[in-house]
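Hi,

Here is the model I promised to pass on. Have a look at it first, and my notes on what turned up are underneath.

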Amino acid sequence: MGSLQRLGPGAVPTAMGVVICVLATFVAIQNIRSDAPLELVPFRVVFVVIMGMASWAFLIQDYGFMPATLSLVLISTMIKDRLSWAAILIMCLALTAIGYLIFVVGLRLSIPLIDW
């Protein structure tokens with residue numbers, strides 16, 4: 001993890017995890033104290049999100065960033081019933097470009113764009 005002067009590679013993810021856990025605890029406490037009825041997340045939404053993340057995880061190593069991200073977005077759009085192909089195409093292109101700029105250009109991760 002390193003020190004405060006020289007943060008190691010695990011310091012920021014660990015700190016973010018702690019912050020997310022603390023915030024989730026506050027949200028859970030507020031929801032338990034409220035009288036509002038509990039809303040369940042539809043099974044389809046959970047299944048589609050997990051399948052999208054799993055497809056990205058399986059495709060990133062063998063096929064590269066672009067095909068993995070395209071599959072993630074395509075599978076994730078199955079949550080909504082009425083999306084036009086134009087909207088799906090715009091989301092695929094925009095999220096792939098944003099992800100590439102953040103992770104490959106900005107953070108300089110060595111992820112190939114396309115690796116057939």
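The largest pocket is lined by Trp56, Phe65, Thr69, Leu72, Val73, Leu95, Ile98, Gly99, Ile102, Phe103, Leu109 and Ile111. A pocket here is an open set of points on a 1 Å grid over the protein atoms alone, where a 1.4 Å probe fits, with protein on both sides within 12 Å along at least five of seven lines; lining residues have an atom within 4 Å of a point. Its volume is about 210 Å³, counted as the space filled by probe spheres set on the points, which are joined across faces, edges and corners.

Keep in mind that this is a predicted model: local features need pLDDT of at least 70 and side-chain atom pairs count only at pLDDT 80 or more, while totals for chains, interfaces and linings use all residues. Residues are numbered from 1 along each chain as its sequence is written, and side-chain values use heavy atoms, without hydrogens and water.

Back to the pocket: α4 (85–106) and α3 (65–76) each supply at least two lining residues, and α4 gives the most, with 5. Helices are DSSP runs (H or I, at least four residues), numbered from the N terminus. By type, the lining has 10 nonpolar residues, 2 polar and no charged (nonpolar is Ala, Val, Leu, Ile, Met, Phe, Trp, Tyr, Cys and Pro; charged is Asp, Glu, Lys and Arg; the others, Gly among them, are polar).

α3 also pairs up with α2 (residues 43–63): their axes come within 7 Å and cross at roughly 170 degrees. So α2 is roughly antiparallel to α3 (angles over 145 degrees, on a scale from 0 to 180 between N-to-C directions, with axes fitted to C-alpha atoms over the stretch in contact). The residues of this contact divide into 12 nonpolar, 5 polar and no charged.

Cheers

Conventions:
Parallel < 35°, antiparallel > 145°, perpendicular 65-115°, else oblique.
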